[in-house]
Amino acid sequence: MSDFPPMSPPVKRSVTIDGHSTSVSLEDAFWTALGTIAKARGTTRARLIGQIDHARPPEVGLATAVRLFVLDGLQR
């Protein structure tokens with residue numbers, strides 16, 4: 001028996017931020033958690049990703065920023 005959660009390779013999805021299309025690669029667990037957080041905040045995943053993008057430092061990649069945002073949300 002494994003003590004590890006289900007694992008999946010990253011899935012790339014397109015999102016539009018400020019009218020520009022970009023893609024983000026995240027594992028299923030992060031997409032699911034991000035959707036849950038967005039729903040709880042009354043917004044969409046795309047809009048939440050845009051907010052994360054605007055808040056991240058330029059040296060931090062968008063996928064990393066999203067993962068850290070989700071992790072922070074789960075730890076609260």
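A residue counts as partly exposed when its relative accessible area falls between the buried range, under 20%, and the exposed range, over 50%. Keep that scale in mind while moving through this structure, which is a predicted model.

Begin by selecting Thr44, which sits in the loop between H1 and H2. Its relative accessible area is 43%, so Thr44 is partly exposed. Show its side chain and look for the backbone nitrogen of Arg47, which the side chain of Thr44 reaches at 3.0 Å. If you also mark Met7, 37 residues away along the chain, you will find 24 Å between the C-alpha atoms of Met7 and Thr44.

Next, select the two helices on either side of that loop, H1 at residues 28-40 and H2 at residues 45-55, whose axes come within 9 Å and cross at roughly 95 degrees. Because angles of 65 to 115 degrees count as roughly perpendicular, H1 is described as roughly perpendicular to H2. To see what makes the contact, display Trp31, Thr32, Leu34, Gly35, Ile37 and Ala38 on the H1 side, together with Arg45, Leu48, Ile49 and Ile52 on the H2 side. Coloured by residue type, the residues of this contact divide into 7 nonpolar, 2 polar and 1 charged.

Now move to the strands, selecting E1 (residues 11-17) and E2 (residues 20-26), which pair in the antiparallel sense over 7 bridges. For one of these pairings, pick Val15 and then its bridge partner in E2, Thr22. The two strands form a hairpin, with 2 residues between E1 and E2.

Stay at that turn and select Asp18, which lies in the loop between E1 and E2. What is the sign of phi at Asp18, which is not a glycine? Phi at Asp18 is positive, at about 55 degrees. The background to this check is that most residues other than glycine have a negative phi. With a relative accessible area of 57%, Asp18 is over the 50% cut-off and therefore counts as exposed.

Finish with Pro9, in the segment before E1. Pro9 has a relative accessibility of 62%, which means that this residue, too, counts as exposed. Add Leu26 and Glu27 to the selection, since Pro9 touches both of them when residues up to four places away in sequence are left out. Although Pro9 and Leu26 are 17 residues apart along the chain, their C-alpha atoms are separated by 7.9 Å.

Definitions and conventions:
Residues are numbered from 1 along each chain as its sequence is written. This is a predicted model: local features need pLDDT of at least 70, side-chain atom pairs count only at pLDDT 80 or more; totals for chains, interfaces and linings use all residues. Side-chain values use heavy atoms; hydrogens and water are left out. Axes are lines fitted to C-alpha atoms, for helices over the stretch in contact, and angles run from 0 to 180 degrees between N-to-C directions. Helices (H or I, at least four residues) and strands (E, at least two) are DSSP runs, numbered from the N terminus. Angles under 35 degrees count as roughly parallel, over 145 as roughly antiparallel, 65 to 115 as roughly perpendicular and the rest as oblique. Contact means heavy atoms within 4.5 Å. Ala, Val, Leu, Ile, Met, Phe, Trp, Tyr, Cys and Pro count as nonpolar, Asp, Glu, Lys and Arg as charged, and the others, Gly among them, as polar. Two strands pair if DSSP finds at least two bridges between them. Buried means under 20% relative accessible area, exposed over 50%, partly exposed in between (1.4 Å probe, protein chains only). A polar contact is a pair of N or O atoms within 3.5 Å; within protein, one must be able to donate a hydrogen and the other to accept it, and residues adjacent in sequence count only if both atoms are side-chain atoms.
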